[in-house]
Structures are given as C-alpha cells and as structure tokens.
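Visitor: Could you take me through one part of this structure closely, setting it among its neighbours as you go?

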Amino acid sequence: MAAPAQNLRINGERLWDSLMEMAKIGPGVAGGNNRQTVTDEDGEGRALFQRWCEEAGCSMGLDQMGNMFARREGTDPDALPVYVGSHLDTQPTGGKYDGVLGVLGGLEIIRTLNDLGIKTKHPIVVTNWTNEEGTRFAPAMLSSGVFAGMHTQDWAYAREDAEGKSFGDELQRIGWRGEEEVGARKMHAFFELHIEQGPILEAEGKDIGVVTHGQGLSWTQVTVTGKESHTGSTPMPMRKNAGLAMARILEKVDEIAWSHKPHAVGAAGHIDVYPNSRNVIPGKAVFTVDFRSPDLSVIQDMEARLRTEAQAIVGDMGLEVEFEKVGGFDPVEFDAGCVAAVRSAAERLGYSHRDLISGAGHDACWINRVAPTAMVMCPCVDGLSHNEAEEISPDWARAGADVLFHAVVETAEIVE
C-alpha cells in the first residue's frame, strides 16, 4: 500500500482548539477536568463529539456499552474499517489530554481528509470507548473489555460506584445506551494516540513514542496479622508488629522489581494499617502490591517471590500472612505491521522517535486481542498524568496526530 505524501499534515491549530473546547466540559478545580464516566458531564462531552463528527460527514454508531463509533465511508463497501480512538472520560482530578487527545486526534484525521478531498479504500471509524479510567466503576477499560470478550455485559452493567449506583443504570440515565450488540464489529486494524503518562520521551527529547508492548499487571492484596498492643508498655521482644512486617515486605518488593530491571516495576499504592492509632502497635496491615512487566514470566516470578519472601518475614516475627490476587492482565505485544506503520510514519515525517513499553493500561490493550493494534505516544510535561496539572504542548499534540494520520491513512489505503 502506498504511504501518504510527506507533506500531508493535520491542522494542529484546529486540533488544539478542539481540545480546549472539550476541556470546558466538566472543568476541574485546578485547571484540569472532572468528566467521570456516565455522568451528566460525560453525556455533554459525548454530545459535542457527536456534533463535530456529524459536521464532518460521519455517521454515528452506539453500542449497548455506550461505545461511540463515528464512521467515514470508504470506497470499497466490503473492506473492513480502520478504527482509531481512545476515551473522553477523565479521572476526578484528571487532565485535559489523557484519552481526549486520542479521540480528537482521530476526528482530526477525518477533518483533514475532508479538507484535502482524499478518499480511502477502507472506512475509518473514530471511537470513544466508555469508562476507560475505571475511577467511578472498576475495573479500568471496562467497555473495551466487554467488546473484546474479557467481561460479560451483565457483569459490567452491575458494577457499582461509591454511592451504590450501577453502571448500567447510569448509562441508561444519561441517554447513551445504544442498541448495537457489543463486539459485533470487525476491524481491519485499530490505532490509539495517547500521551505517554511517563517521563521518558520528554527527558530524551523525543517527539514520538512507538509503543511495541503494554506491560502486564499483577495486583496481590497482602494481609499481615499481628497483635495490637500499647506502643509504650509492650517490650520490644514481645511485639507482633504488623506494620513493621509490612515495611520489611515492601523493601523486598522493591528489591524484587529492581532484580528485573529495566522494565519491571513494583510498589504498594494502597495501604491500610489497623487500628491506625498513634499509641497502638498495628495489629493488622492490608496492602496491595502492584507488579508490572512486559514479560509474563517475570510477573510470575515476582508474584512467587513476593509470597516466599513475605512468608519468611512473618514467620520469623511470629505473625500470619494471607495473599489474594485481586487484579491483573497479561502483557500485550502489539501487531508488528501496525507498529511498523507508526514507526515508518514518524521517520517519513522527520519526527524523532523511540520504541516504548506502555506502563499503563489502555483500550488498545484489550482491542489487540481482537484486531491488529498499535499505539502512538507523545510526551507530557514531567511525565505527569492523572493530575489536573497534566500538560502537553501544541507541537507535541500536532506531531502525535500527524503520525497517527499517516499510520491510519496508509492502513486505510488512499484511493488515487
């Protein structure tokens, strides 16, 4: 298939204006966004996206999970569509670009093709996946997971938020539950543009990240049980300090992750200590160890060593420990052909680039199971994301969308 001409570029100013216009919906308290999934603000953002897509000549599809599919027709009615997109929902204190750049970057492809009068053999479909963040209804990537057959729709509908409201009821309430069967669509390929959410591209001065893999994830909840007692009157040899045991285990978690450098990582982000009183030695500690690696065998090794090391620590201290696997997914290797299309697009356009392994989960990780998939990443300032201070530059956004445009249009095949 012929590659698009080197001089074909998206309209960077229009893309940036669209990002800023969408950011007005569900504004945060510190310059970012609070447009959580299936809220009224989410509904308002969806309506704006639909209006823009229809103005660009697209038809809009909507499935039973609220996934939105804006279609620009191709010249071959039998050719499978090339899909492109991400998500419009945000964290409660989220930024203006996480997910949104990928959706509006996809829309900018359609607008640019229209501007240039270019037709493609394959249709192009811009997608907004529902509830990628998982902050209100766990887990993350919920609707792309249903699409890819990882979850049942009934199970997804039954997910509840902190107020006991169900995902299915809230999706219906805001008016964005479609009739189309989830997962019925077949894809020629899927591409997702996203901010890096890490510091590597900016630190190395690279314009583009060519994402080759997505890290696998393992969450193990560890419960250490000791004995609550007075911090002042319990002799040191007679203490059963669950907090101290947790600290020693977490030191081992760090050692385990370092032993698989450079790509493995590990830490505990969720920690509860009981009774959490200033003058009581903790009788129980509950924490979740998060291990990630692009290599499944490494994840399995880290999980096994966590259990062995933790058992040894609590055994020496006369305490007890329990383990529960509470989440995870296997590593992802993105499609070689789609990855090559991204890399060649960056080279053709003269953008500096490097291969990346995504440390976060994305809708592309699930869609990769049902269609050839790849991701494009652009830098973000200080690697900061899931924070209202999340920031990118217009030039970074333009470069990412240019590469996305070329990879998608090359895959969709320009008709001369």
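**A strand and its sheet**

Guide: Before turning to the sheet, one local detail deserves a remark: just after helix α3, G117 adopts a positive phi of about 65 degrees. The model is a predicted one, and in it α3, which covers residues 100-116, has 17 residues and reaches 24 Å from its first C-alpha to its last, close to the 24 Å expected at 1.5 Å a residue. Of those 17 residues, 14 are buried, so α3 is largely enclosed by the rest of the structure.

The part to look at closely is strand β12, residues 284-293, which is mostly covered, with nine of its ten residues buried. It belongs to an open sheet of four strands in the order β10-β12-β8-β13, with antiparallel pairing. The edge strands are β10 and β13 (320-329), each of which pairs on one side only, and the twist from one strand to the next averages 15 degrees.

On one pairing, β12 runs antiparallel to β8 (residues 216-225), to which ten bridges join it; here S218 stands opposite F291 of β12. On another, β12 and β10 (residues 265-274) pair in the antiparallel sense over nine bridges, with G266 opposite F291 and H270 as the bridge partner of T288. F291 of β12 thus has S218 opposite it and also G266.

Helix α8, residues 242-258, completes the picture, since this helix lies across β8, β10 and β12 and runs at about 5 degrees to β12.

Key:
Residues are numbered from 1 along each chain as its sequence is written. This is a predicted model: local features need pLDDT of at least 70, side-chain atom pairs count only at pLDDT 80 or more; totals for chains, interfaces and linings use all residues. Side-chain values use heavy atoms; hydrogens and water are left out. Helices (H or I, at least four residues) and strands (E, at least two) are DSSP runs, numbered from the N terminus. The expected span of a helix is 1.5 Å times one less than its number of residues. Buried means under 20% relative accessible area, exposed over 50%, partly exposed in between (1.4 Å probe, protein chains only). Two strands pair if DSSP finds at least two bridges between them. Axes are lines fitted to C-alpha atoms, for helices over the stretch in contact, and angles run from 0 to 180 degrees between N-to-C directions. Contact means heavy atoms within 4.5 Å.
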